[in-house]
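Me: I would like a close look at one part of this protein. Please keep the sentences short and work outward from that part.

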Amino acid sequence: MYAALNVLNIPCFHSFSLLSRIPDCKTWSAALDAKFFSRGSPFTLTQWDQLLSDYAAITDVPATPFAEDLIAAYPDAKVILIERDIDSWFTSFDNNVI
């Protein structure tokens, strides 16, 4: 999906984006802490805008746990649901990310 969006010249956030935006890791960690560990407040539209302002689309981790939050923050956004076999996805993830 990331490659397809890039072909269409749609700036897309993907886990690989973090490699060139290391300071954003701290912000993603804060979002995860707030959502899953009640450390801080859930992210607001302002915070999502600050984190994702350079992008028109978002895929993959670390965004996947925030699908519902992002849909609520951006109710007019288009959502493309990709379903993959979990085993083939994990193999790809393991080979490329971990």
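Which helices and strands each supply at least two residues of the lining of the largest pocket? Please start there, then go on to the parts around it.

Reply: A caution comes before the answer: this is a predicted model. Five elements each give at least two residues to the lining of the largest pocket: helix H1 (2-7), H3, E2, H4 and helix H5 (86-96). H5 provides the largest share, four residues. The space in this pocket is about 1,300 Å³. Its lining counts 37 residues, and those closest to the centre are Met 1, Ile 58, Thr 59, Asp 60 and Ile 80.

Take Thr 59 from that central group. Thr 59 sits in the loop between E2 and H4. Is Thr 59 buried or exposed? Its relative accessibility is 12%, so Thr 59 counts as buried, the cut-off being under 20%. Leaving out residues up to four places away in sequence, Thr 59 touches Met 1, Tyr 2, Leu 5, Cys 12, Phe 13, His 14 and Ser 15. Met 1 therefore appears twice here, as a contact of Thr 59 and among the residues closest to the pocket centre.

The loop that follows H4 gives a contrast. Lys 78 lies between H4 and H5. Lys 78 is exposed, because its relative accessible area of 77% is over the 50% mark. Its C-alpha atom is 23 Å from that of Leu 32, and the two residues are 46 apart along the chain.

Now the nonpolar core. Phe 13, one of the contacts of Thr 59, also belongs to the largest nonpolar core. That core has 12 residues. Its members are Phe 13, Leu 18, Trp 28, Ala 31, Phe 43, Trp 48, Leu 51, Leu 52, Ala 63, Phe 66, Leu 70 and Ala 73. Three helices, H2, H3 and H4, each bring at least two residues to this core. H3 gives the most, with three residues. Nonpolar side chains tend to be buried together in soluble globular proteins. One core member, Ala 73, touches Leu 45 and Trp 48 when residues up to four places away in sequence are not counted. Trp 48 is itself on the list of core residues.

H3 and H4 thus turn up in both settings: each supplies at least two residues of the pocket lining, and each supplies at least two residues of the core.

Leu 51 leads from the core to the charged groups. Leu 51 is a core residue. Arg 21 is in contact with Leu 51, Asp 54 and Tyr 55, leaving aside neighbours within four places in sequence. Where does Arg 21 lie? Its place is the loop between E1 and H2. Arg 21 is buried, because its relative accessible area of 19% falls under the 20% cut-off.

How many salt bridges are counted? The count is four. Two of them involve Arg 21. One joins the side chains of Arg 21 and Asp 24, at 2.6 Å from N to O. Asp 24 is buried too, at 13% relative accessibility. The other joins Arg 21 to Asp 54, at 2.7 Å from N to O. This second pair ties together parts that are 33 residues apart in sequence, because Arg 21 lies in the loop between strand E1 (12-13) and helix H2 (23-37), while Asp 54 lies in the loop between helix H3 (45-52) and strand E2 (57-58). Asp 54 is partly exposed, with 47% relative accessibility. Arg 21, Asp 24 and Asp 54 form a linked network of salt bridges.

A further salt bridge joins the side chains of Lys 35 and Asp 69, at 2.7 Å from N to O. Lys 35 is in helix H2 and Asp 69 in helix H4 (residues 67-73), so this pair ties together parts that are 34 residues apart in sequence. Lys 35 is partly exposed, with a relative accessible area of 33%. Asp 69 is also partly exposed, at 25%.

To return to the part you asked about: the pocket lining draws at least two residues from each of H1, H3, E2, H4 and H5, and H5 holds the largest share.

Technical notes. Residues numbered from 1 in each chain as written. Predicted model: local features only at pLDDT ≥ 70, side-chain atom pairs only at ≥ 80, totals over all residues. Heavy atoms only, no water. Buried < 20%, exposed > 50% of the residue type's maximum accessible area, 1.4 Å probe, protein only. Contact = heavy atoms within 4.5 Å. Core = buried A, V, L, I, M, F, W, Y, C linked by side-chain atoms within 4.5 Å. 1 Å grid on protein atoms, 1.4 Å probe; cavity = no way out; pocket = protein on both sides within 12 Å on 5 of 7 lines; lining within 4 Å. Points joined across faces, edges and corners; volume = space filled by probe spheres on them.
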